[in-house]
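Subject: Structure handover

Hello,

Here is the structure I promised to pass on. My notes follow below it.

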Amino acid sequence: MKEFNEKEAVRAMRQALSPEASGRCSDDELLNIIDIIWDWYDDNGLLDIDAEADDDDVNVEALSAHVRRMLAKDRLSPVLPDEVEPLVAAELRYEQSLIEDL
């Protein structure tokens, strides 16, 4: 498995955005979404060393809803609610590519 690279993950997420949305969102904002995703994994036991989780264990709808809720708490977040699911999906595709590139 390749090592997770934040810059590559951000690049993958940017590709899921329109040029206007990409210009509105900083790398730090996209990294914040990655942190929210990984916190959700941790809260749901998907990072446990003995967990045998795979992509089927990730409830994308629940994860996207969680990210939307967390971003809603940040009134200054430039990410619009309808942009969350494509961003989450792009990050998950990037994670999957790390496994597939073996």
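How many helices and how many strands are there in the chain? There are five helices and zero strands. Keep in mind that this is a predicted model. Along the sequence, the pattern reads α-α-α-α-α.

**Overall numbers**

The chain has 102 residues, and 34% of them are buried. Its exposed area is about 6,600 Å². Carbon and sulfur atoms supply 48% of that area. Take the contacts with a separation of 6 or more: 65% of them join residues 24 or more positions apart.

**Helix H3**

I spent most of my time on H3, which covers residues 27-43. Does its length fit the ideal rise, or where does it land? Its 17 residues should span 24 Å at 1.5 Å a residue. The end C-alpha atoms are 24 Å apart, which agrees.

Which residues of H3 are buried? They are Glu29, Leu30, Ile33, Ile34, Ile36, Ile37, Trp40 and Tyr41. Seen down the helix axis, these buried residues fall within an arc of 155°, so they line one face of H3. That set packs against H1, H4 and H5. H5 runs over residues 81-100. The face turned away from the buried side carries the exposed residues Asp28 and Asp43. After H3 comes Gly45, with a positive phi near 75°.

**Aromatic pairs**

The count of aromatic pairs comes to four. One of them joins Phe4 and Trp38: the ring centres are 5.7 Å apart and the planes stand at 75°, so the pair is edge-to-face. The cut-off for that label is over 60 degrees. Phe4 sits in the segment before H1 (6-15), and Trp38 sits in H3, so the pair ties together parts that are 34 residues apart in sequence.

Are these two rings' residues buried, exposed or in between? Phe4 is partly exposed, at 26% relative accessibility. Trp38 is also partly exposed, at 29%. Buried would need under 20%.

Trp38 has a second partner in Tyr41. Their ring centres are 5.1 Å apart with the planes at 70°, so this pair is edge-to-face too. Trp38 and Tyr41 are three residues apart in H3, about one helical turn. Tyr41 is buried, with a relative accessible area of 4%.

Which residues do the ring pairs link into a cluster? The cluster holds Phe4, Trp38, Trp40, Tyr41 and Tyr94.

**His66**

Where is His66 found? It is in H4, residues 60-72. His66 counts as buried, at 13% relative accessibility. Leaving aside residues up to four places away in sequence, His66 touches Ile36 and Trp40. Both of those contacts are among the buried residues of H3. Trp40 also belongs to the aromatic cluster.

**In short**

The chain is built from five helices and zero strands. H3 puts its buried residues on one face, and that buried set packs against H1, H4 and H5. Two edge-to-face pairs meet at Trp38: one with Phe4, one with Tyr41.

Over to you.

Best regards

Notes: Residues are numbered from 1 along each chain as its sequence is written. This is a predicted model: local features need pLDDT of at least 70, side-chain atom pairs count only at pLDDT 80 or more; totals for chains, interfaces and linings use all residues. Side-chain values use heavy atoms; hydrogens and water are left out. Helices (H or I, at least four residues) and strands (E, at least two) are DSSP runs, numbered from the N terminus. Buried means under 20% relative accessible area, exposed over 50%, partly exposed in between (1.4 Å probe, protein chains only). Contact means heavy atoms within 4.5 Å. Accessible areas come from the Shrake-Rupley method with a 1.4 Å probe; for residues, only the protein chains shown count as cover. Rings of Phe, Tyr and Trp (its six-membered ring) pair if their centres lie within 6.5 Å; planes under 30 degrees apart count as stacked, over 60 as edge-to-face and the rest as tilted. The expected span of a helix is 1.5 Å times one less than its number of residues. The arc is that of the directions from the helix axis to the C-beta atoms.
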